[in-house]
Amino acid sequence: MRLQPINRVLVVEDSMIIALDTEETLLQLGIPDVAVAGTVAGALECIIGAMPHFALLDYNLGDETSEPVAAELARNGVPFYFVTGYGDAVGRLTDSKAMGVLQKPFSPNDLARVLAEAGGNAAG
């Protein structure tokens with residue numbers, strides 16, 4: 001169980017429509033600070049700028065995967081979920097340090113659930 005509320009969430013997603021929708025939903029769920037990145041480099045910059053309390057990582061980012069971001073979050077004790085639209089990747093991702101895998105498409109209730117599992121303060 002987390003000792004602090006989740007006030008800062010990092011969303012790593014290469015589809016801008018999904019990223020913006022996820023950001024909006026997190027804001028509606030009571031998360032005051034949501035950072036969005038579409039690449040590994042962008043995500044690592046966000047982490048350096050302000051360590052998130054929780055993260056949602058789209059596993060497949062086009063020509064790269066979010067594994068380097070996951071490794072950095074794990075080193076810093078930040079809980080995260082992988083997000084994927086590829087069912088066959090789910091088994092492989094569950095072997096990581098991720099709290100779990102969120103299958104696309106996901107609903108606001110799904111986001112509220114994963115925040116609650118991470119010890120967050122989602123108001124959904």
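**Figure 1. Pairing of strand 1 with strand 3 in the predicted model.** Strand 1 (residues 8-12) and strand 3 (residues 54-58) run parallel and are joined by 4 bridges. The structure shown here and in the other views is a predicted model. Among the residues that mark this pairing, V9 has F54 as its bridge partner in strand 3, and V12 has L57 as its bridge partner in strand 3. These strands belong to an open sheet of 5 strands, whose order is 2-1-3-6-7 and whose pairing is parallel. The edges of the sheet are formed by strand 2 (33-37) and strand 7 (100-103), each of which pairs on one side only. On average, and with direction ignored, neighbouring strands of this sheet are turned by 20 degrees against each other.

**Figure 2. Strand 3, strand 6 and strand 7 within the sheet.** Strand 3 pairs with strand 6 in the parallel sense over 4 bridges, and strand 6 pairs with strand 7 in the parallel sense, likewise over 4 bridges. Between strand 3 and strand 6, the bridge partner of L57 is F82, while D58 has V83 as its bridge partner in strand 6. F82 in turn has V101 as its bridge partner in strand 7, and L57 is the bridge partner of V12 in strand 3, so that a path of bridge partners can be followed through V12, L57, F82 and V101.

**Figure 3. The two faces of strand 3 and strand 6.** In a regular strand, side chains alternate between the two faces of the sheet. Strand 3 is mostly covered, with 5 of its 5 residues buried; F54, L56 and D58 lie on one side and A55 and L57 on the other, and both faces are covered. Strand 6 is largely enclosed by the rest of the structure, because 5 of its 5 residues are buried. Here F80, F82 and T84 lie on one side and Y81 and V83 on the other, and again both faces are covered.

**Figure 4. The largest nonpolar core, with L102 and its contacts.** This core has 18 residues, of which V9, L26, F54, L56, L102 and L115 touch the most other members. Two or more residues are contributed by each of strand 1, strand 3, strand 6 (80-84) and helix 5 (108-117), and helix 5 gives the most, with 4 residues. When residues up to four places away in sequence are not counted, L102 touches L56, Y81, F82, V83, T84, D110, L111, R113 and V114. A second, separate core comprises 17 residues, among them A37, A43, V69 and A98.

**Figure 5. Packing of helix 2 against helix 3.** Helix 2 (residues 40-49) and helix 3 (residues 67-75) pack with their axes 9 Å apart and at an angle of about 20 degrees. Helix 2 is therefore roughly parallel to helix 3, as angles under 35 degrees are counted in this way. The crossing in which helix 2 passes helix 3 is right-handed. At this contact, V40, A43, L44 and I47 in helix 2 meet P68, V69, E72 and L73 in helix 3; A43 and V69 are also included in the second core.

**Figure 6. S66 and D63, two loop residues that contrast in burial.** S66 lies in the loop between strand 5 and helix 3, where the residue is buried, with a relative accessible area of 0%. With neighbours within four places in sequence left aside, S66 is in contact with V40, L57, D58, Y59, L61 and F82. D63, by contrast, is found in the loop between strand 4 (60-61) and strand 5 (64-65), and is exposed, with a relative accessible area of 86%. D63 and T39 are 24 residues apart in sequence, and their C-alpha to C-alpha separation in space is 9.5 Å.

**Figure 7. Overview of the protein chain.** The protein chain contains 5 helices and 7 strands, which, read along the sequence, follow the pattern β-α-β-α-β-β-β-α-β-α-β-α. Of its 124 residues, 40% count as buried. Among contacts in the protein chain between residues at least 6 apart in sequence, 62% join residues at least 24 apart.

Conventions:
Residues numbered from 1 in each chain as written. Predicted model: local features only at pLDDT ≥ 70, side-chain atom pairs only at ≥ 80, totals over all residues. Heavy atoms only, no water. Pairing = 2+ DSSP bridges. Axes fitted to C-alpha atoms, helices over the stretch in contact; angles between N-to-C directions. Core = buried A, V, L, I, M, F, W, Y, C linked by side-chain atoms within 4.5 Å. Buried < 20%, exposed > 50% of the residue type's maximum accessible area, 1.4 Å probe, protein only. Contact = heavy atoms within 4.5 Å. Parallel < 35°, antiparallel > 145°, perpendicular 65-115°, else oblique. Left-handed = near helix turned anticlockwise from the far one by under 90°.
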